[in-house]
Amino acid sequence: MNDTPKLKWLFKMAWRDSRRNRTRLLLFISSIVLGIAALVAIYSLGESLTTNIDDQAAQLLGADLALSTNKEPSGDALTLIDSIGQNRSEEISFASMVYFTKTGGNRLAQIKALKGEYPYYGSLETIPLQAGHEFRNQRQALVEQSLMLQYQAQVGDSIQVGAVTFAIAGILEKAPGQNGITSTVAPAVYIPMQFLEQTGLMQKGSRIVYRYFYRLDNPQQAENLSSSLKERFELADLDYKTIAIQKEDTGRSFRDLTRFLGLVGFVALLLGCIGVASSIQIYIREKIASIAILRCLGVRPNEAFMIYLIQIIGIGLLGSWLGAVLGTFIQQVLPVVIKDFLPFDLIVAISWSSIIQGILIGTFISILFAMPPLLAIRNISPLNVLRNDLNQLTSWKDSTLWLIYTITLLFVYLFSFYQMQNARTALFFTLGVLLSFGLLYGIALLLMRVLKRFFPSSWGYLPRQGLANLFRPNNQTAILIVAIGLATSLIATLFLTQDILMQRIQLSTSDDQPNIVLFDIQSHQKDGVIEIAQRNKLAVQQIVPIVNMRLEEVNGHGVAYYRADSTTSKSSRIFGREYRVTFRDSLTSSETIMEGKWIGSYHASSGLIPISIEKGFAERGNMSLGDTLTFNVQGTLMQTQIASLRDVNWAEVQTNFLVVFPEGVLEEAPQFHVLMTHVPSPTVSANFQQEILLSYPNISMIDLALVIKILNELFNKIGFVIQFMAGFSILTGVLVLISSVMVSKYQRIQESVLLRTIGASQFQIFSITAMEYFFLGALASLTGIVLSLAGSWALARFSFDAPFNPALWPVAILALLVTLATVLIGVLNSREILTSSPLAILRKET
Amino acid sequence: MHTILQLQQVGKIYGSGNSKLSVLKDINFSVQAGATLSIVGPSGSGKTTLLGLCAGLDRASQGTVTLQDTVLNDLNENQLAAIRNRYIGFIFQNFQLLPTLTALENVMVPLELRGEKNIRKRSLDLLDKVGLSERSHHYPTQLSGGEQQRVSLARAFSNNPSILFADEPTGNLDAETSDKVVKLLFELNQEAGTTLILVTHDMELAAKTQGIIKIKGGSIEANHQQLG
């Protein structure tokens, strides 16, 4: 037979051979369906995001060109701002307390004082609709929805911002650049610019951002302007943004999000693929007799291999196609899942390129993972028709097998590289995947061995038989433990990490630790604030002076020098920002000198001012001991020298600083103060805050109870997205479990028949089956929890620098739930074996 | 008449190093085309191993196996597969039908592999000869043991083999069915003029062949063949 008819025959044989196995084959491949669905959904989402960002970039920026600076523009900057055009709007924003006069509630918000017709693209979406425009001409404010809900405020109520009370003109639903996360962390309140002065909030210390939005003749003009004025913008400390830059920035952040989600989906796919490989291995073992017969009849080793390869390609294509269809449906749900991260309306569309990509990846990866068991077909001797010889299946000397393993690893690497566009991160991800799967597999084997070794022999027959079933040949116990364990580990790690962080913050607020921070206290307000604190019987734990300054020179050279000199190791980025610096004569409990000597006081005759800088900051800016730094303190230049490098524990709740001056230098400089105290109860906290706000409206307060609440909300929002994606891995685990039950069905039937023949009751067989899945679920969840505890411990120890006191009860409940789910799925899928008569099953199955 | 199968100094050793096990040693015999021969011996004597070597299912550790003037030792797996498809038919104790193929398809497979035409009709004719034309679309699990063995016979003869190897063809059948299958086997064999090598421990069945080789402990104990 020449090649073409032979190929036709191979297809025919593949089809014929699959006849009684198609349901099983579909079940095997179902493990990858969810992984592909996740990838297609994420890819489609990515494409939709790109299209939407392209379409809505103008609305995201709200203007053709935006300039911003955190320093009040003057001189050149002001000239530049004016020169660009008069068709512009201005926004001044800063954090400040707002006070709802009706309910007496107050909280820190982002105040945005607006002048002009901004936004030029899109709108401030408000209820009522006209409020977005009308508030600008009256003493009215727009208040973000989350704030309105939190303080049960209604349109028409009053809100006090600094010394001015505004009527709430409308509920702000959407503004350019705002999303669910920003509104949780810093809800916005828009006020008309003409009332800003009266609020009295524009004082020294406030971190104010000035923004200028321009409407130009066309967006291209903004591009031309920004490229021609780039140098001047930089010199004037003005950041600029055009629609194209906005598009790029937003696109980049969402690319990162979709890449991350894509990787989570890929983990589900890998898990499914391992499940497929495991199932195919058993499938091929069951096919040995058929393959041997074919070999006897004259089929060559490679032809036998081809028959099953064609089957795998077929089901791989089908599974991937199903996954792609499912993914396209799931994509419709994803905008809801990530809605809090979206600063725009997301309209999803079918992405054919994502579908094709998903089908290709799915087919390729299912072939790749099925290849090791498939390759074994070439080793099946026709002699098997005369006697079974299973040992010949795996040959570690097979170079093709090693080639496949190499290609598989390479594929994982290339895929992650494609996702992350970073060779190093992709390598870490690949190694991480290998390590996690290896660790899970290792722990699974260890636990199985321990259980087998120490299982009480005095226990009854039923649990002993249930346990023994785990070690049945061809049982996919290890892979199931990996699949279920991974899913458990994902959920547990997510929970434990959140718990560690929350504990860390709650610990900081316990006992007498400061739990309320007051900032922007002007020097003349200091005594009054202390008096209010004392009146409320609150101990002032810290009151720290803060001076704003800018870095002008390092070792005698300014920003221009470092920007021009590409050979220098100094980073020019250290120049642009405003530094908040304190002065004192001693270190705090969170500081340790790592290099040099701490000098706490300074005399005019001592030469350069000895300062201490934080070690990480020194490393980032490539600064070292002895370097001279010139600071501009409100127009006065100060020559300083790095006398010491400090290690700072940022996790401690207190004011920490990158730069600390000694006493005797900044006492007379314009400054503001930060005060920290501990309030014993929410009632005292509310009274104290209200009293401060009424006396000193410019002072802002951070209540750590609110921070905890916000963090919890944030975790829930982020956690929801991760849990949604982890759901794919969990469901994949369930599918691997179901397919494993099906794969071992024939063996189970034979066991069941044998047990019934020797007198076992239906209940006893049910108990054995339930026990088997109980042990499986318990081992798997235990494996996952061991891994997640280890991972969370490492995170607590090395990342969060927090004590590790995991909440074991919820973790134990999770383990129990996973175990019960495993028992349920196992028993449900075995019910046919349990309820039918042995003879009926045998007739059907053999 | 020419020699279709010749074994010279054939031996088979399993394992390696200290755990070597010699299953067959110093086997010498030849079979003329068209002859019928039984290989008999007790369980574990090496009959099945010998059958595997003769049919090119396994490789001899020592000596040479020549089938249709081709030395099997020199062939690779693909060449052996081609030899089996071209010259050999098989009948096994446990029938060894492909479970996912119908009776007709099972008979067609060797012909399909050869790329022959009109195979459906030829296969149906063969099934008719074994009395199963009515059950051609049934799967092996839907057939009785005797019926399965008859499909197996049809399949074995489908490619007009030069030599037919039968391994305990009645081992899984009751006496009555055995008789029918054996009768059919010899009828078909005579009709096709095929060489038949039968492995059995049933002396009554062995007596139906022209020659008998007795094996014991991996060596030929007696060779009763009518030469020529």
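The following questions and answers concern a predicted model with chains A and B.

User: How are helix α2 and helix α9 of chain A oriented with respect to each other?
Analyst: In this predicted model, the axes of α2 (residues 22-61) and α9 (residues 243-286) of chain A come within 7 Å and cross at roughly 175°. Angles over 145 degrees count as roughly antiparallel, and the crossing of these two axes therefore makes α2(A) roughly antiparallel to α9(A).

User: Into how many nonpolar, polar and charged residues does the contact of α2(A) with α9(A) divide?
Analyst: The contact joins two helices of chain A whose axes come within 7 Å. Its residues divide by class into 24 nonpolar, 13 polar and two charged.

User: Which helices of chain A each supply at least two residues of the side that touches chain B?
Analyst: The contact takes 21 residues from chain A and 26 residues from chain B. By class, the chain A side has 12 nonpolar, three polar and six charged residues. The helices that each supply at least two residues of this side are α1 (3-18) and α10 (288-296) of chain A.

User: Which strands are the edge strands of the open four-stranded sheet in chain B?
Analyst: The strand order is β2-β1-β4-β5 (chain B), with antiparallel pairing. At one end of this order, β4 (residues 62-67) and β5(B) pair over two bridges, with B:Thr66 standing opposite B:Val71 in β5(B). Each edge strand pairs on one side only, and these strands are β2 (21-32) and β5 (70-71) of chain B.

User: What angle does the direction of helix α1 of chain B make with that of β1(B)?
Analyst: Helix α1 (residues 47-54) of chain B packs on the sheet, where it touches β1 (3-14), β2 and β4 of chain B. Its direction makes with that of β1(B) an angle of about 125°.

Key: Residues numbered from 1 in each chain as written. Chains lettered and ligands numbered in written order. Predicted model: local features only at pLDDT ≥ 70, side-chain atom pairs only at ≥ 80, totals over all residues. Contact = placed C-beta atoms within 7 Å. Nonpolar A, V, L, I, M, F, W, Y, C, P; charged D, E, K, R; others polar. Axes fitted to C-alpha atoms, helices over the stretch in contact; angles between N-to-C directions. Parallel < 35°, antiparallel > 145°, perpendicular 65-115°, else oblique. Pairing = 2+ DSSP bridges.
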